[in-house]
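Subject: Structure for your review

Dear colleague,

Please find the structure below, together with a short account of what was found in it. I would be grateful if you could read the two side by side.

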Amino acid sequence: MTDEQAILRCQDGEREAFRYLVERYKDVLYGTALLMMRNPTLAEEQVQEAFLAAWRGIKGFRPGRPFKPWVVRILVNKIVSLRRTRTLPTVPLEQQDPPEDVPQPAEAVEAQLDRQAIRQALARLTPDHREVIVLRYFADLTVPELAETIGVPLGTAKSRLHRALGNLRDELTTDADGEDDGDG
Amino acid sequence: MASNYWSDQDIERALRQHFAAVATDLRAPENLWESLEGQLEDPDVSRGWRRLIETIGRMRTPLLTLSASGAAVVAILAILLTSRGGGEQVAEVMQEAPVEKAVAQMAQAPVEKAEKVVEVPVEKVVIREAEVEKVATPAPRAEEPAMPQKADEGEAEPVVEVEKVVEKVVTKTVEAMARAEQTPALATGSAATTRPADTPFQDHPRHPRPATSGTPVSTFSLDIDRTSYQLALAWARQGHEIEPDSVRAEEWINAFDYQYDPPSAGWGFGIWTDVLAHPRVGGKILARIGFQAARVVDDRPLNVTLVLDASGSMDEGNRVAIARAAAEAIRQSLRPWDRIAVVQFTQDVVHELTVTHREPDSPTVRSSIEQLRPRESTNVQASLNLGVRLANEARLERADAYNYIVLMSDGVANVDATNPFAILESAYDRDASNPLRLITIGVGIANYNDVLLEQLAQHGNGWYRYLDDTDQARATFSRDNWLVLSTPFADQTRAQVTWDPDVVKYWRIIGYENRVTSDESFAQDRKEFAEIHSGAATTVFYELELHESAFGTGDVMLGKVELRWVVPDTGQSRGQQADVTGRVDTRFRSATDPLLQFGAIVALAADLYSVLPNRYEGEDFDPSADLSGLAELLGTLRGSLGGLDAYRDFSFLLGRMVETAKAQAPPSTPSGYSP
């Protein structure tokens, strides 16, 4: 079944078709929510809310358009809305220990170091910048989809992403410098 | 790659690798669907269908008395809306040609033109889907997907769903018929006398007629609103009877331009007084006092916060289009040094469309305004809270700017606080030195809360306007008009008239029922008094009875009028006084200023109509005769004013008022003769 077929069937009220969409996109939604909110409980709640809203609004969805950006947008709106109404308790992901019980080859260790650096640098970005990076490189939205999702013009989305990457680079460079200094 | 140089490609690659690696840690709980499934409700019926049902529900004319074609159109629309896959197409078609309008036109079709009314048996309205598709389904557009096919066989026969839909139509129709039986207007076939649903107004009793010897002082807040008149005109144009409670005479009076001269002193207000005989009651005179604010140029920047209603009720008619046109006109009228923010609201603030203050030509602002569309229920409180917060932040950033919050809504608040005072309390502005000014812009006919919008503006340092169509929206907020409207001239403006007891025996203020205030409050600067913009004019009429000794030739001093206000940019209190004088022997028809005569007719007609039908209880004269007399007098002004749109509009309105008053008049006393 394609997304489009599933959507049409959802519009007829078929729950099984909606289940197909939920199973297909729940990981990307949950991951996005977790990366943005850094709180697993709240992330799950918001993903559920987003899917419920999508179900309620599915009759108004135009078949033929991609489902993922639409549902991601619903999710992001919910998260932003929540963020504006209260301060969210977070569990810093960067402090979660990566699995280390499996022996790794040297290149894997280097990659692991990169990922650790990335994780720490991501954690230091502003929520806006972390949001565009998560949506672009984790949720894999195109830049136009990203723009639509966060409700800004295409040019603004491009420049925000560019600035986010620039800041991430600064953070990574600072990390590396810090390590060098420390080593020296 | 653990080095100190990261190219763009390195970062992008590392990000993708990073996210791929942590993906397993970011997986959703396995049982997500199970916990979700129990919460799923049936998806919403399509918006178009809901609108149709609501429209039929509101109709006072039963479906069965529509013409056959009208009934068929309603039935076909209903079926199309729920036909599989066709809903969105039809909803689009309906947006282009709103079904309410079509149905309303059918409902209002004069009976004499509907001689061929056919009683359509309800059960025959059921049209099988195949027939509908053959007859009425528009051909799919090339870019749109083909009709979906259900994969599963054994689904409920589609026609069953169709029949359910028609059953709903029938149910609603029967309800409408039941209501119709209770509606006398329908029994006579009067097509244009229905009252739009859910339109609360507040009835304010007319002021008494105090004796000057005991009560010589009259104190009131000025008022530059004219919404009551604009609403009545919109109602009448759509064939509705004007609701007497909606008539606030001062807003009718102030809807017109009496062409007062600017203040001769070059500052403050021009205060102009005139007197002429009452046209309908011998021995009484009318005194008109006009206040004309000076026109000033002020380059102070503006912080404008648009608070736009995107709730479901805005889906009716062209409300959203009007609000969008008004918002865009305001944006285009702003200067480069002004700032504008947008808040859209339904049951909550639509955060993704919220734009904080930025330049008027910002694409984000344009985009937010363009995306205004109706959604769910209405939370005026939450949106005004956010509007006030944003406006306050902008005020703190730019202390030299004037601050406007422009609320565009039909006033149908149904989430959180729905009472104007509770809403204002919640969004209270505590900085009186540079106040936030709340302008309310009303749109819509049915489902319209005049009371809420009027009170919000009155107690929110602002003013209230009604917009009937997109052209009016653009004209009202054209650059020239906006420059005037957005330049505050006088805040907390109130007037006090002290009549001379030796000359005036009795006095009565016409209108201003909810603007009259205690005499003691005149000395106080209060938020609920009127905010007057640059160049604005406002007028009050009094009905007076004079002592016989006062009648003579030449100007007679009737009393004094004093005005007080707060200067917006300095916060200083100012005052101004003038004598109320005029020739009390001026007969109505011999007055030299036709605009004075016109204003008097407007004032008296609004005043008479606002108390219908209670006027008949225990009163010894017939307001319909008075209204007819006023209409005749208005006719005598055609030569001098007939070229004005304002004259033509009011003539039309007065004609309708006369019809209503006659229809409501009690049967005449039996003569005693056999027929």
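How many helices and how many strands are there in chain A? Chain A holds eight helices and zero strands. Please note that this is a predicted model. Followed along the sequence, the pattern of chain A is α-α-α-α-α-α-α-α. Chain A has 184 residues, of which 39% are buried. Of the contacts in chain A between residues at least 6 apart in sequence, 67% link residues that are at least 24 apart.

In chain B, I would draw your attention to strand S4, which spans residues 302–309. Is this strand mostly covered or mostly uncovered? Strand S4 of chain B is mostly covered, with eight of its eight residues buried. Leu302(B), Val304(B), Leu306(B) and Leu308(B) point one way from S4(B), while Asn303(B), Thr305(B), Val307(B) and Asp309(B) point the other way. The residues on both sides are all buried. In a regular strand, side chains alternate between the two faces of the sheet.

Which strands pair with S4(B)? One partner is strand S7 of chain B, residues 402–409, which runs parallel to S4(B) and is joined to it by seven bridges. Within this pairing, Thr305(B) has Ile405(B) as its bridge partner. Another partner is strand S5 of chain B, residues 339–345, which also pairs with S4(B) in the parallel sense, over seven bridges. There, Val343(B) in S5(B) stands opposite Val307(B).

With kind regards

Note on methods: Residues are numbered from 1 along each chain as its sequence is written. Chains are lettered from A and ligands numbered from 1 in the order in which they are written. This is a predicted model: local features need pLDDT of at least 70, side-chain atom pairs count only at pLDDT 80 or more; totals for chains, interfaces and linings use all residues. Helices (H or I, at least four residues) and strands (E, at least two) are DSSP runs, numbered from the N terminus. A residue is buried if 20 or more other C-beta atoms lie within 10 Å of its own, exposed if 12 or fewer, and partly exposed in between; C-beta atoms are placed from the backbone. Two residues are in contact if their C-beta atoms, placed from the backbone, lie within 7 Å. Two strands pair if DSSP finds at least two bridges between them.
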